[in-house]
Amino acid sequence: MSISNLVSAEWLNQHINSDDIIILNATLAKPKSAGEVPHQNLQIPGAIYFDIDHSFSDKSNDLPHMMCDASQFENEARNIGIDNDSIVVIYDSHGVYSSPRAWWMLKSMGLSNVAVLDGGLAEWVAKGYSTETKKPSEHRSGNFQATFQSDSFCDSTFVLNATEEADSAILDARSKDRFHALAPEPRAGLRGGHIPNSINLPFGEVQDGFRMKSEAELAKIFNSLNVNNKKLIFSCGSGLTACIILLAAHIAGYSDLVVYDGSWSEWGQPSALPIDK
């Protein structure tokens with residue numbers, strides 16, 4: 001069985017007992033709202049926690065939840081029972097917030113059958129499907145072998161070069177006020193503004209409530225940005241919500257996609273990197 005990159009709550013409810021499906025909970029608290037996670041004591045039955053911030057992040061890097069290397073990723077993926085042929089469905093408790101980050105991480109390491117649950121736990125609960133109290137998961141070790149797709153993530157040098165390239169476009173998922181330096185950054189010490197020649201696409205604009213907008217709606221959004229036939233580089237505050245608009249681009253039919261992992265947590269630091277306001 002193969003799956004699309006976005007699956008519905010109805011689909012997951014129909015297939016939840018399939019032996020080859022692994023459900024991952026990739027919930028992260030939103031900035032300035034730690035502890036305010038909807039349904040924080042509940043999970044989809046059998047879900048396993050995917051720890052973006054710790055187990056699957058580069059512990060040697062001071063920037064938040066930076067992508068770890070293939071060896072660490074492989075080990076942690078095996079620890080939560082992922083096999084090479086696993087069918088993985090990822091959700092988060094906010095709707096579609098941190099789950100696309102986990103989806104892209106797994107994609108970048110070579111797992112093909114991985115999807116985001118559209119609407120996340122909020123949609124699951126709204127549909128009246130069964131839940132359980134969060135508990136330590138019991139699972140066997142997996143046999144996943146990571147093969148890092150190096151063109152899935154990029155660094156500041158890559159982005160700096162792209163600011164002058166006509167065949168690249170940089171999309172920023174932060175709010176309009178942050179993009180234009182009209183609101184302070186939530187992380188202390190960062191400059192306000194945006195990467196030169198970048199395009200602002202706040203992640204909420206590709207969503208309809210808890211769920212992603214339709215393929216047709218997303219195609220209309222991206223067509224309006226004049227980014228057809230370009231390499232699309234996605235940025236945000238920390239490389240998290242960038243993956244929401246990357247998922248939207250993927251649904252809309254775009255394929256040459258890369259996440260700037262450091263995002264504004266790196267670019268916005270006092271440095272020689274240029275900014276616009």
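R178 touches A183, P184, E185, P186, G193 and G237, leaving aside residues up to four places away in sequence. R178 sits in helix α6, which spans residues 176-179. The model is predicted. The points below cover this arginine, the nonpolar cores and the cysteines.

**R178**
- R178 counts as buried because its relative accessibility is 17%, and buried means under 20%.
- Among the contacts of R178 are two glycines, G193 and G237.

**Nonpolar cores**
- The largest nonpolar core holds 58 residues.
- Inside this core, the residues with the most contacts are L24, F50, F73, L106, L171 and F222.
- Helix α8, residues 242-251, supplies the largest share of this core, with nine residues.
- L106 touches L24, F50 and F73, which are also listed with L106 for having the most contacts in the core.
- The other residues that L106 touches are I82, V88, I90, L111 and V114, again not counting residues up to four places away in sequence.
- Another core, of 18 residues, lies apart from the largest one; its members include I3, W11, I87 and A115.

**Cysteines**
- The count of disulfides is zero.
- C68 is in no disulfide, and the nearest cysteine sulfur, that of C243, is 14 Å away.
- C68 is buried, with a relative accessible area of 5%.
- C236 is in no disulfide either, and the nearest cysteine sulfur to it, also that of C243, is 7.0 Å away.
- C236 is buried as well, with a relative accessible area of 1%.

Note on methods: Residues numbered from 1 in each chain as written. Predicted model: local features only at pLDDT ≥ 70, side-chain atom pairs only at ≥ 80, totals over all residues. Heavy atoms only, no water. Core = buried A, V, L, I, M, F, W, Y, C linked by side-chain atoms within 4.5 Å. Buried < 20%, exposed > 50% of the residue type's maximum accessible area, 1.4 Å probe, protein only. Helix = DSSP H or I, 4+ residues; strand = E, 2+ residues; numbered from the N terminus. Contact = heavy atoms within 4.5 Å. Disulfide = S-S within 2.5 Å.
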